[in-house]
Amino acid sequence: MPLFEDIVHKALASEIRREILLSLAKNDKYLTEISKEAKKKPQTVNFHLTLLEEIGLITSYTKGGKKYYSLKDKRI
């Protein structure tokens, strides 16, 4: 299995990461919105957001002093 597919498979094996991706499929959100929706602590969600961003599934940008996250590819 190619390395990228292996990484994506491991990323999607986590329930919270799947929840984050599904949430971002609806629209871009910032950390507090995602953590409330997932019913997880912001620190936990931030850990998973960082991982998803590092492997290239999501991206982030700052708007109005808040860091927003979005899917890089809506087909995910």
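In the predicted model, the loop between helix 3 and helix 4 contains Lys39, a residue whose phi is positive, at about 55°, although it is not a glycine. Most residues other than glycine have a negative phi. The relative accessible area of Lys39 is 74%, which lies over the 50% cut-off, and the residue is therefore classed as exposed.

Helix 3, spanning residues 31-38, packs with helix 2, the two axes coming within 10 Å and crossing at roughly 120°. This angle makes helix 2 oblique to helix 3, and the crossing is right-handed. On the side of helix 2 the contact is made by Glu19, Ile20, Ser23, Leu24 and Lys26, and on the side of helix 3 by Ile34, Glu37 and Ala38. By residue class, the contact of helix 2 with helix 3 comprises 4 nonpolar, 1 polar and 3 charged residues.

Several of these names recur in the largest nonpolar core, which has 15 residues and in which Ile20, Leu24, Ile34, Leu49, Leu52, Leu57 and Ile58 are those with the most contacts. Two or more residues of this core are given by each of helix 1 (3-12), helix 2 (15-26), helix 4 (42-54) and strand 3 (66-71), with helix 2 giving the most, namely 4 residues. For Leu52, one of the core residues with the most contacts, the partners beyond its neighbours within four places in sequence are Ala11, Arg17, Ile20, Leu21, Leu57 and Ile58. Among these partners of Leu52, Ile20 also takes part in the contact of helix 2 with helix 3.

Conventions
Residues are numbered from 1 along each chain as its sequence is written. This is a predicted model: local features need pLDDT of at least 70, side-chain atom pairs count only at pLDDT 80 or more; totals for chains, interfaces and linings use all residues. Side-chain values use heavy atoms; hydrogens and water are left out. A nonpolar core is a set of buried Ala, Val, Leu, Ile, Met, Phe, Trp, Tyr and Cys residues joined through side-chain atoms within 4.5 Å. Buried means under 20% relative accessible area, exposed over 50%, partly exposed in between (1.4 Å probe, protein chains only). Contact means heavy atoms within 4.5 Å. Axes are lines fitted to C-alpha atoms, for helices over the stretch in contact, and angles run from 0 to 180 degrees between N-to-C directions. Angles under 35 degrees count as roughly parallel, over 145 as roughly antiparallel, 65 to 115 as roughly perpendicular and the rest as oblique. A crossing is left-handed if the near helix is turned anticlockwise from the far one by less than a right angle, and right-handed if clockwise. Ala, Val, Leu, Ile, Met, Phe, Trp, Tyr, Cys and Pro count as nonpolar, Asp, Glu, Lys and Arg as charged, and the others, Gly among them, as polar.
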